[in-house]
Amino acid sequence: MRNMTPRVSRLAGITTLVVAAAFTGTGTALAHGSAASAVDQKVDGVMVVAGNSCSWTNASTSALPPNALTVDRTTINAPGGNLACGGGIAATLNNNPAFTFDAAAGTARTDLIDITGRQSFISCRYKATGIVWDRDATSGKYVNRAFTAAKTSGSFLCPGSVTTPAGDASMLFH
């Protein structure tokens with residue numbers, strides 16, 4: 001029988017990548033005046049784990065920071081969005097994450113990230129709640145603090161939870 005350890009290790013890295021990529025990525029948030037048009041209500045995200053990355057650009061948001069907002073998953077997921085991952089990974093965001101901002105503290109919070117990752121025939125679904133992001137004073141990016149996502153469904157090969165280290169995800173609002 002073939003040794004499954006490398007595949008399971010790779011799967012753990014993939015699921016971490018997928019969870020982090022959802023809003024789980026390195027990010028920048030730029031606050032604009034309330035007079036900004038809906039065209040400007042966008043967010044880009046990037047996530048790198050174990051040499052693989054997931055990213056998207058120009059996903060639609062319901063407002064601009066520091067106002068509370070939601071991100072429209074249909075503008076991240078294909079075919080309406082351009083979420084793409086390296087390493088043979090496919091990801092789908094299953095919810096519209098809500099962000100709240102504390103401008104004075106330089107933080108943001110995400111209520112829930114619900115994401116499914118797939119590689120080959122293996123599918124894993126994870127949820128993370130209460131994710132905290134810190135604004136980088138120089139770049140304006142919102143960068144994640146470490147968090148753990150729990151498996152909610154998927155193959156027995158999927159780890160029961162995955163942890164995303166601080167700084168492995170970011171968001172850029174524009």
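# Exercises on disulfides, core and backbone

The S-S bond of Cys-54 and Cys-85 has a torsion of about 110°, so this disulfide is right-handed. The model is predicted, and the exercises below should be read with that in mind.

## Exercise 1: The disulfides

Find how many disulfides there are and which cysteines they join, and state for each bond its handedness.

**Solution.** Begin with the distances between sulfur atoms, for which the cut-off is 2.5 Å. Cys-54 and Cys-85 satisfy this condition, with an S to S distance of 1.9 Å. Cys-54 belongs to strand 3 and Cys-85 to strand 5 (residues 84-85), so the bond ties together parts of the chain that lie 31 residues apart in sequence.

The cysteines at the two ends of this bond can then be examined for accessibility. Cys-54 has a relative accessibility of 0% and therefore counts as buried, while Cys-85, at 21%, is partly exposed.

The next pair is Cys-124 and Cys-158, whose sulfur atoms are 1.9 Å apart and form a disulfide. Here Cys-124 sits in strand 9, and Cys-158 in the loop between strand 11 and strand 12 (161-164), so that distant parts of the chain, 34 residues apart, are linked. Both Cys-124 and Cys-158 are buried.

For the handedness, take the torsions about the S-S bonds. The value for Cys-54 and Cys-85 is about 110°, so that bond is right-handed, whereas the value for Cys-124 and Cys-158 is about -80°, so that bond is left-handed. The count therefore comes to two disulfides, and with bonded cysteines counted along the chain the pattern is 1-2, 3-4.

## Exercise 2: The core and strand 7

Identify the residues with the most contacts inside the largest nonpolar core, and work out which side chains of strand 7 are buried and which are not.

**Solution.** The largest nonpolar core holds 32 residues, and within it Phe-99 and Trp-133 have the most contacts. Among the elements that give two or more residues to this core are strand 2 (42-49), strand 3 (52-60), strand 7 (98-102), strand 8 (107-119) and strand 9 (122-135). Strand 9 supplies the largest share, which is six residues. As general background, nonpolar side chains in soluble globular proteins tend to be buried together.

Now follow strand 7 residue by residue, since its side chains alternate. Phe-99 and Phe-101 point to one face and are buried, while Ala-98, Thr-100 and Asp-102 point to the other face and are not.

To place strand 7 among its partners, look at the bridges. Strand 7 pairs with strand 4 in the antiparallel sense over two bridges, and here Leu-69 stands opposite Phe-99. Strand 7 also runs antiparallel to strand 8, to which four bridges join it, and Asp-102 has Thr-107 of strand 8 as its bridge partner. These two strands, 7 and 8, form a hairpin with four residues between them, and Gly-106 in the turn has a positive phi of about 70°.

## Exercise 3: Asn-77

Decide whether Asn-77 is buried or exposed, and state what its side chain reaches.

**Solution.** Asn-77 lies in the loop between strand 4 (69-70) and strand 5. Its relative accessible area is 11%, under the 20% cut-off, so Asn-77 is buried. The side chain of Asn-77 reaches the backbone oxygen of Leu-93 at 2.8 Å. Leaving aside residues up to four places away in sequence, Asn-77 touches Leu-83, Ala-91, Thr-92 and Leu-93.

## Exercise 4: Backbone angles

Locate the cis peptide bonds before Pro-66 and Pro-79, and describe the positive phi values of Asn-58 and Ser-120.

**Solution.** The expectation to start from is that most residues other than glycine have a negative phi, and that most peptide bonds are trans.

For the peptide bonds, inspect omega. The bond from Pro-65 to Pro-66 is cis, with omega near 10°, and Pro-66 lies in the loop between strand 3 and strand 4. A cis bond also joins Ala-78 and Pro-79, where omega is about 10°; Pro-79 is placed in the loop between strand 4 and strand 5.

For phi, consider Asn-58, which is not a glycine and yet has a positive value near 55°. Asn-58 is part of strand 3 and, at 41% relative accessibility, counts as partly exposed. Ser-120, likewise not a glycine, has a positive phi of about 55°. Ser-120 is found in the loop between strand 8 and strand 9, and its relative accessibility of 60% is over the 50% cut-off, so Ser-120 counts as exposed.

Notes
Residues are numbered from 1 along each chain as its sequence is written. This is a predicted model: local features need pLDDT of at least 70, side-chain atom pairs count only at pLDDT 80 or more; totals for chains, interfaces and linings use all residues. Side-chain values use heavy atoms; hydrogens and water are left out. A nonpolar core is a set of buried Ala, Val, Leu, Ile, Met, Phe, Trp, Tyr and Cys residues joined through side-chain atoms within 4.5 Å. Buried means under 20% relative accessible area, exposed over 50%, partly exposed in between (1.4 Å probe, protein chains only). A polar contact is a pair of N or O atoms within 3.5 Å; within protein, one must be able to donate a hydrogen and the other to accept it, and residues adjacent in sequence count only if both atoms are side-chain atoms. Contact means heavy atoms within 4.5 Å. Two strands pair if DSSP finds at least two bridges between them.
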